[in-house]
Amino acid sequence: MDELKELRRILKEQRPNNWEDIPDIDLYMDQVLNYMVRQHIGLESGESLTSAMVNNYIKKELLPRAKGKRYERKHVAYLTAICLFKQILSVDSTKELLKSQLSDEDIKTFYEKYCIKLDQEYNAVAEKIDENMTKQDISELVLELAISSYAQKIACERLLELLV
């Protein structure tokens, strides 16, 4: 199936930009929102990131304040991680995770580690997808991934409680 081949390709190839490839010039909000679509697979496929969400992340202290109305490379790095985490964790849990990760590291080190782990996980899932899968094979993989996601979500939440 072409759709399976395309999904596998996306999981194998599409990644957020490396730290060095994120623009090192300040961006306005609309530029950040447009850039983020390229940074996160989910934003291409229906998830959304709005200026109101970004402002809320700043208000909730997940994201540093912009300098004036300009956002830096570090803001893009934070938002890249936040967009993924918000699919699994609450805003408060995301804040705790970022706080624990950034207590001993700078944003660049965190972001590089984030990208390595994301690459590993995307590749692991891509390896489970075969373009010759039957509908039953797909159904079995969906079951496996859904249960695995749920188990990991529970573990994530409970482990984050230990950090607080």
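Glu 161 counts as exposed, since its relative accessibility is 54% and the class begins over 50% (under 20% is buried, anything in between partly exposed; 1.4 Å probe, protein chains only). Helix α8 holds this residue; helices are DSSP runs of H or I with at least four residues, numbered from the N terminus. Between Glu 161 and Leu 97 the C-alpha to C-alpha distance is 10.0 Å, with 64 residues separating them in sequence.

The model is predicted, with local features needing pLDDT of at least 70 and side-chain atom pairs counting only at pLDDT 80 or more, while totals for chains, interfaces and linings use all residues. Residues are numbered from 1 along each chain as its sequence is written, and side-chain values use heavy atoms, leaving out hydrogens and water.

Leu 97 is one of the buried residues of α6, along with Ser 93, Thr 94, Glu 96, Leu 98 and Leu 102. Among the elements covering the buried residues of α6 are the following, by contact (heavy atoms within 4.5 Å).

| Covering helix | Residues |
|---|---|
| α5 | 73–85 |
| α7 | 107–127 |
| α8 | 135–163 |

Helix α5 also meets α2 (residues 29–39): their axes, lines fitted to C-alpha atoms over the stretch in contact, come within 10 Å and cross at roughly 55 degrees, on a scale from 0 to 180 degrees between N-to-C directions. Val 32, Tyr 35, Met 36 and Gln 39 in α2 meet Val 76, Leu 79, Thr 80 and Cys 83 in α5.

Methods:
Helix = DSSP H or I, 4+ residues; strand = E, 2+ residues; numbered from the N terminus.
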